Amino acid sequence: MTAAIKIEGLSKFFRVGFWGRRVQAITDLSFEVRRGDLFGFLGPNGAGKTTTIKALMGLIFPSGGQAWILGKKAGEVGVRSRVGYLPESPYFYEYLKGLEFLDFYGSLFQIPKKVRVKKAEELLKLVNLEGAADLHLRKYSKGMLQRIGLAQALINDPELVILDEPMTGLDPIGRREIRDVMVRLRNEGKTVFFSTHILSDVEMICDQVGIVNKGKLITTGKLGELLNPRIEYYEISFSRLNPAELEGLKPWVTNTFQDGNLVHVTVPAEEHKDGIISRVQKAGGTIHSVIPHRESLEEYFLRQLNRSG
Ligand SMILES: Nc1ncnc2c1ncn2[C@@H]1O[C@H](COP(=O)(O)OP(=O)(O)OP(=O)(O)O)[C@@H](O)[C@H]1O
Ligand SMILES: [Mg+2]
């Protein structure tokens, strides 16, 4: 089966200002998104995420390279009806009420009235806006607008959903609601592609991620494989160790912290872990926990960005 999204050597530059200075937004970008995946497109501000998404949606014309969605050339007529799209800054018709707004989008896809009203009601429920069906959009909060924007992207029951920063402007509960909806869509068999600069959103839910910086792809892959599996340090907790023995551990631990009866030590080197455990036990201490600490996505991301300058 063809990929849900395929991008090959995609480049885009803009001309800005009186002298037509060239701004390279994306450079030779290539990657694929498999069908059924929840894919996080991650990068800091100005990395080229929106430009890539606009090229995918056929809203801008690339300067070089090609993009396909659902096996068709990006921008080709006919494919749009199979894709749901939430732009970065969607425009809302403020005089419409929630349900009317979704109904209007449904009519753009020529969905029969009865079907689309039912679908609109379903979607309002999905994004937790049932109570706001009759409220004008101008009275919606930012989070509510973001959620109805997501519902709008789903009105045509798309196979592929492309969301540009769907969690922007949301509080933690709002972010979780959007995350839950994305996971649900993926579980229903849809492909979900979304951009973000917030790592924790990606860390929790994505099957695959692509990281971009300054218009270039830094890496793509499964999060578990991208993350350096190297354990940075161990935190060992124990009790009932006499002070002299505890003092004897000092050369191998960087941090000692006492919490009631429990002592926590940080062991930076893998090869010292077993030695410390057996030393504590031999001296009559009780081990309570040994916790490995791995590099987080946040740390990984910063390291990758530093490496790419
Ligand atoms: N229409 C345009 N004209 C000129 N430059 C543009 C245009 N659109 C984007 N750019 C430039 O291209 C680069 C990439 O922008 P883009 O909006 O794709 O980044 P982004 O990753 O979506 O950032 P953000 O996280 O802030 O949304 C930026 O340097 C931006 O200034
Ligand atoms: Mg953007």
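**Two sheets and their helices**

Helix α1 (residues 49-56) lies across four strands, β3 (38-42), β7, β8 (191-196) and β9 (208-213), and runs at about 145° to β7. The model is predicted. The protein chain is divided into domain 1, residues 5-225, and domain 2, residues 231-297. Taken over C-alpha atoms, the centres of domain 1 and domain 2 are separated by 47 Å.

**The six-stranded sheet**

- An open sheet of 6 strands follows the order β6-β7-β8-β3-β9-β10, and its pairing is mixed.
- β6 (83-86) and β10 (216-222) stand at the edges with a single partner strand each, so one side of each has no neighbour in the sheet.
- On average, neighbouring strands of this sheet are turned by 15° against each other, direction ignored.
- β6 pairs with β7 (residues 160-164) in the parallel sense, over 4 bridges.
- Leu 86 has Leu 163 in β7 as its bridge partner.
- Helix α4 (residues 142-153) also packs on the sheet, where α4 touches β6 and β7. The direction of α4 makes about 160° with that of β6.

**The α2 and α4 pair**

- Two packed helices are described by the angle between their axes and the distance between the axes.
- For helix α2 (residues 98-108) and α4, the angle is about 30° and the axes are 9 Å apart.
- Angles under 35 degrees count as roughly parallel, and α2 is therefore roughly parallel to α4.
- The crossing of α2 past α4 is right-handed.
- On the α2 side, the contact involves Gly 98, Phe 101, Leu 102 and Tyr 105; these meet Ile 148, Ala 151 and Gln 152 in α4.
- Of the residues in this contact of α2 with α4, 5 are nonpolar, 2 are polar and none is charged.

**The four-stranded sheet**

- A second open sheet has 4 strands in the order β12-β13-β11-β14, with antiparallel pairing.
- β12 (255-259) and β14 (286-294) are the edge strands, each pairing on one side only.
- Here neighbouring strands are turned by 20° against each other on average, direction ignored.
- Strand β11 (residues 231-239) and β14 run antiparallel and are joined by 8 bridges.
- Opposite Tyr 234 stands Pro 292 in β14.
- Helix α9 (residues 270-282) lies across β11, β13 (262-267) and β14, and runs at about 5° to β11.

Methods
Residues numbered from 1 in each chain as written. Chains lettered and ligands numbered in written order. Predicted model: local features only at pLDDT ≥ 70, side-chain atom pairs only at ≥ 80, totals over all residues. Pairing = 2+ DSSP bridges. Axes fitted to C-alpha atoms, helices over the stretch in contact; angles between N-to-C directions. Contact = placed C-beta atoms within 7 Å. Domains from an automatic or database assignment. Parallel < 35°, antiparallel > 145°, perpendicular 65-115°, else oblique. Left-handed = near helix turned anticlockwise from the far one by under 90°. Nonpolar A, V, L, I, M, F, W, Y, C, P; charged D, E, K, R; others polar.
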